[in-house]
Amino acid sequence: MVNKNQNLRICSKQNVCYKKMIFKSPQYCIFVQNKSEMNTTEQVEKILADTSLSTELQNIAHKVLNKERITFDEGVYLYEHAELGYLGVLANFIREEKHGDTTYFNRNFHLEPTNLCVYDCKFCSYSRLIKQKEEGWALTMEQMLDIVKKYDDEPVTEVHIVGGVLPQYDVAFYSALFTAIREHRPDLHVKALTPVEYHYIFKKAKIDYATGMKLMKDAGLQSMPGGGAEIFHPEIREQIAKDKCTGEQWLAIHEEWHKLGMRSNATMLYGHIEKFWHRVDHMDKLRELQDRTGGFQTFIPLKFRNQHNQMSNVAESSVIEDLRNYAIARIYMDNFDHIKAYWAMISRETAQLSLNYGVDDIDGTLDDTTKIYSMAGAEEQTPAMSTRELVNLIKQVGRKAIERDTLYNVVTDFENVVFEEEKKPQYYKLPVVNQD
Ligand code: SF4
């Protein structure tokens, strides 16, 4: 068994874990979540002292230690050859250099106007085509504002608006929605829609991206989530997400938004039919745009789930591959401040593990307001966590819980916050049988 105090490197067999145990017996070490007593630089130096590592892996470790960028080929090499223990050490080194133990979350809710969609992405478990209308929903402006008003007395800081694409939700509709939300509750940050919706509504309105994004900003839009990116390379995109905006168009819309001085996130849907180099190509295009604009805040790898969609014959990635992917993303995306894991998509336990593999943000409380993950077969079927639960989830694995707003300003540092005792469960006395 694992020694929980010394974890990540020492097991009961007293072997060096990053090499002997994680590599050979992941089941022993992958669930050990507390931190090592060795500092992160010493851990990387230990890797560098390992003469059995390939020259390529040695060179990459050197680069990470010296804060140098790795190349496209090195990114592919990591996917093809690097084992989880090695990647975890490098990714955690970068994570702790940038953020120490700080782990971010926010208090948010989702507003999903519709799950009807004019597109037919093969991986999508969420949308219902217009011909399957009876299985879908399409909210009116009033219904959406009623959802927002439900949170009037809640300390949420963000509404995340995302859903399907329908003709009636056009430039005028979304402008009016953003304005109405901001007027009703000016302190609620409006993070809304992706280039998939923007490309569609701007095309319909016959306006270019720059004009369209300016209109959205003026209407009250404050930031853009990272969705709709999938895999940029046309070889894959045309098979899984034909017809909606291309990779270039996705990037161009974010670029226009950044030019307005605004921030956004980026995602990558991985673990389906793409090859490793497609993932690196995707991250490379984001890294290149980030070099030019600096407008991205967070990179969010999204695990492909195979329930209730047209790709249910494609196997899902393993937890080990998920953690490798987070780690490589942290190493490759050197100009992104944050790597986020959606706890609702990968499970609470994997989200905890991911904090040792480069992740520093596990998203928000959600309050069971999104169907996107559950309809795709995620472990969390009614995703909601109280602030207390989220904070405890982070503290349990030795990290520091910080509630942030959408732009990563600190709202509350939970380091020394003690929650009121939860009501203890009541037990009833049972009659004693045969007491004579
Ligand atoms: S992924 Fe988005 S654009 Fe594609 S079908 Fe689903 S809701 Fe529509």
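Let's start on one helix of this predicted model: Arg292 and Glu288 sit four residues apart in helix 13 (residues 276-293), so about one helical turn separates them. Their side chains meet in a salt bridge, with 3.0 Å from N to O. From that pair we can move outwards to the rest of the protein chain, which has 17 helices and 13 strands.

**Helix 13 and its salt bridge**

- Arg292 has a relative accessibility of 48%, so this residue counts as partly exposed.
- Its partner Glu288 is partly exposed too, because its relative accessible area is 42%.
- Elsewhere, Glu274, Arg279, Glu321 and Arg324 are joined into one network by salt bridges that share partners.

**More salt bridges to look for**

- The structure holds 26 salt bridges, and here are two more of them.
- Lys191 and Glu158 pair up through their side chains at 3.4 Å, N to O.
- Lys191 belongs to strand 6 (residues 189-192) and Glu158 to strand 5 (residues 158-161), so this salt bridge ties together parts that are 33 residues apart in sequence.
- Are Lys191 and Glu158 buried or exposed? Both of them are buried.
- In helix 12, Lys259 and Glu256 lie three residues apart, which is about one turn of the helix.
- The side chains of Lys259 and Glu256 also form a salt bridge, at 3.3 Å from N to O.
- Lys259 counts as exposed, because its relative accessibility of 56% is over 50%.

**Two helices that cross**

- Two packed helices are described by the angle between their axes and by the distance between those axes.
- Helix 9 (residues 195-205) packs against helix 12 (residues 247-259) at an angle of about 90°, and their axes are 9 Å apart.
- An angle from 65 to 115 degrees counts as roughly perpendicular, so helix 9 and helix 12 are roughly perpendicular to each other.
- On the helix 9 side, the contact is made by Pro195, Tyr198 and His199.
- On the helix 12 side, the residues are Gln249, Trp250, Ile253 and His254.
- Sorted by class, this contact between helix 9 and helix 12 has four nonpolar residues, three polar ones and no charged ones.

**Around the ligand**

- Which residues are found around the ligand? They are Cys117, Tyr119, Cys121, Phe123, Cys124, Ser127, Gly164, Val196 and Lys244.
- By class, this shell has six nonpolar, two polar and one charged residues.

**Positive phi values**

- Most residues other than glycine have a negative phi, and here are two residues to compare with that pattern.
- Lys206 is not a glycine, and its phi is positive, near 55°.
- You can find Lys206 in the loop between helix 9 and helix 10 (209-219).
- With 76% relative accessibility, Lys206 counts as exposed.
- Ser347 is not a glycine either, and its phi is positive at about 90°.
- The place to look for Ser347 is the loop between helix 15 (343-346) and helix 16 (348-354).
- Ser347 is buried, because its relative accessible area of 9% is under 20%.

**Residues that meet across the sequence**

- Tyr326 is part of helix 14.
- With a relative accessibility of 1%, Tyr326 counts as buried.
- Tyr326 and Pro301 are 25 residues apart in sequence, while their C-alpha atoms are 6.9 Å apart in space.
- Leaving out residues up to four places away in sequence, Tyr326 touches Pro301, Ile339, Lys340, Ala341, Ile346, Ser354, Tyr357 and Val359.
- His308 lies in the loop between strand 9 (296-303) and helix 14 (319-332).
- His308 is exposed, with a relative accessible area of 60%.
- Between His308 and Tyr126 there are 8.3 Å from C-alpha to C-alpha, although they are 182 residues apart in sequence.

**The whole chain**

- The protein chain has 436 residues, and 59% of them count as buried.
- Among the contacts in the protein chain with a separation of 6 or more, 74% are between residues 24 or more positions apart.

How values were computed
Residues are numbered from 1 along each chain as its sequence is written. This is a predicted model: local features need pLDDT of at least 70, side-chain atom pairs count only at pLDDT 80 or more; totals for chains, interfaces and linings use all residues. Side-chain values use heavy atoms; hydrogens and water are left out. Axes are lines fitted to C-alpha atoms, for helices over the stretch in contact, and angles run from 0 to 180 degrees between N-to-C directions. Helices (H or I, at least four residues) and strands (E, at least two) are DSSP runs, numbered from the N terminus. Angles under 35 degrees count as roughly parallel, over 145 as roughly antiparallel, 65 to 115 as roughly perpendicular and the rest as oblique. Contact means heavy atoms within 4.5 Å. Ala, Val, Leu, Ile, Met, Phe, Trp, Tyr, Cys and Pro count as nonpolar, Asp, Glu, Lys and Arg as charged, and the others, Gly among them, as polar. A residue is near a molecule or strand if one of its heavy atoms lies within 4 Å of it. A salt bridge is a side-chain nitrogen of Lys or Arg within 4 Å of a carboxyl oxygen of Asp or Glu. Buried means under 20% relative accessible area, exposed over 50%, partly exposed in between (1.4 Å probe, protein chains only).
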